[in-house]
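Q: I'm new to this one and would like to learn how to read it, feature by feature. Could you walk me through it?

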Amino acid sequence: MNEIDCSRIKPSYLRALVAVAEYGNFSEAALHLGLAQSTVSRAIANLEEELGVLLFSRGRYGANLTPIGERLTTHARQVLQLLETIVKEARLEKGLESGQVRIAAFRTIATHVLPGIITRFCDRFPDINVTVMEFWDHVGWSKPCGKAAQMLDSS
């Protein structure tokens, strides 16, 4: 029996495993991942080959996890969550997840263009506070995101 080489198990293989498990077929999983169906199929085939086990039973009505596939999908979700945590910690260390952004803008831009952009920004980076200063008269406003916004809403 061949040894399993952990270094050959790529995160993209685990993402494909989780997506096919969630969507029940390779085409839907590929659509969700933004990949070609053949790429997802190849990822699953590579993972099955490396592990030496069958993860899915494939049929006319989609792909169903085998018992070992179910157990490994649970672990794959945990690994992917840990990878996300690693990335988040690194971003925090680099200051990309929290802090303050100050924007100087003309009144028209500040009132008509920036609110939508800032709302999307705050959705993506909830712990970064955004302050807009009107360019000419330095009258400004501030939109606290995340925890600061929650504290203001509750008071």
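Q: Let's start with two rings: are F26 and F56 buried or exposed?
A: This is a predicted model, so keep that in mind throughout. A residue counts as buried when its relative accessible area is under 20%. Both F26 and F56 are buried.

Q: And how do I read the way aromatic rings sit together? How many aromatic pairs are there?
A: You look at the distance between ring centres and the angle between ring planes; over 60 degrees, a pair is called edge-to-face. The count here comes to two aromatic pairs. F26 and F56 form an edge-to-face one, with 6.0 Å from centre to centre and 65° between the planes. F26 belongs to helix 2 and F56 to strand 1, so this pair ties together parts that are 30 residues apart in sequence.

Q: What about F121 and F125, what kind of pair do they form?
A: Theirs is a tilted pair, 5.1 Å centre to centre with 40° between the planes. F121 counts as partly exposed because its relative accessibility is 28%. F125, in contrast, is buried, because its relative accessible area is 18%.

Q: Let's zoom out. How many helices and strands does the protein chain have?
A: There are six helices and five strands. Starting at the N terminus, the order of the elements is α-α-α-β-β-α-β-α-β-β-α.

Q: How much of the protein chain is buried?
A: Of its 155 residues, 26% count as buried. As for the outside, the accessible surface comes to about 10,800 Å², and carbon and sulfur atoms make up 56% of that. You can also ask how far along the chain the contacts reach: among contacts with a separation of 6 or more, 49% are between residues 24 or more positions apart.

Q: How should I read a single helix?
A: The general idea is that an α-helix has 3.6 residues a turn, so residues three or four places apart point the same way. Now take helix 1, which covers residues 11–23. Its 13 residues reach 18 Å from the first C-alpha to the last, close to the 18 Å expected at 1.5 Å a residue.

Q: Which residues of helix 1 are buried?
A: Y13, L14, A16, L17, V18, A19 and V20 are. Their cover includes helix 2 (26–33), helix 3 (37–51), strand 1 (56–59), strand 2 (62–65) and helix 4 (67–94).

Q: What follows helix 1?
A: That would be G24, and its phi is positive, near 80°.

Q: Next, charges. How many salt bridges does a search of the whole structure find?
A: The general idea first: side chains of opposite charge can pair when their charged atoms come close. The search finds three salt bridges. In one of them, the side chains of E50 and R8 meet at 2.9 Å, N to O. That pair links distant parts of the chain, with E50 in helix 3 and R8 in the segment before helix 1, 42 residues apart. E50 counts as buried because its relative accessibility is 12%.

Q: Which residue does E22 pair with?
A: E22 forms a salt bridge with R77, and their closest N and O atoms are 3.7 Å apart. E22 is in helix 1 and R77 in helix 4, so the pair ties together parts 55 residues apart in sequence. E22 counts as partly exposed at 46% relative accessibility, and R77 does at 38%.

Q: And where are E48 and R58?
A: Their side chains meet in a salt bridge of 3.0 Å, N to O. E48 is in helix 3 and R58 in strand 1, ten residues apart. E48 counts as buried at 11% relative accessibility, whereas R58 is partly exposed at 43%.

Q: Which residues make the nonpolar surface patch?
A: F106, I109, V113 and I117 make it, and its area is about 320 Å². V113 lies in helix 5, residues 107–124, and counts as partly exposed because its relative accessibility is 41%.

Q: One last residue: what does I68 touch?
A: Leaving out residues up to four places away in sequence, I68 touches V53 and L54. I68 is in helix 4, and its C-alpha is 7.7 Å from that of L54, which is 14 residues away along the chain. With a relative accessible area of 25%, I68 is partly exposed.

Terms used: Residues are numbered from 1 along each chain as its sequence is written. This is a predicted model: local features need pLDDT of at least 70, side-chain atom pairs count only at pLDDT 80 or more; totals for chains, interfaces and linings use all residues. Side-chain values use heavy atoms; hydrogens and water are left out. Helices (H or I, at least four residues) and strands (E, at least two) are DSSP runs, numbered from the N terminus. The expected span of a helix is 1.5 Å times one less than its number of residues. Buried means under 20% relative accessible area, exposed over 50%, partly exposed in between (1.4 Å probe, protein chains only). Contact means heavy atoms within 4.5 Å. Accessible areas come from the Shrake-Rupley method with a 1.4 Å probe; for residues, only the protein chains shown count as cover. Patches are made of residues with over 30% relative accessible area and no salt bridge: like charges are joined within 9 Å, nonpolar side chains (Val, Leu, Ile, Met, Phe, Trp, Tyr) within 5 Å. A salt bridge is a side-chain nitrogen of Lys or Arg within 4 Å of a carboxyl oxygen of Asp or Glu. Rings of Phe, Tyr and Trp (its six-membered ring) pair if their centres lie within 6.5 Å; planes under 30 degrees apart count as stacked, over 60 as edge-to-face and the rest as tilted.
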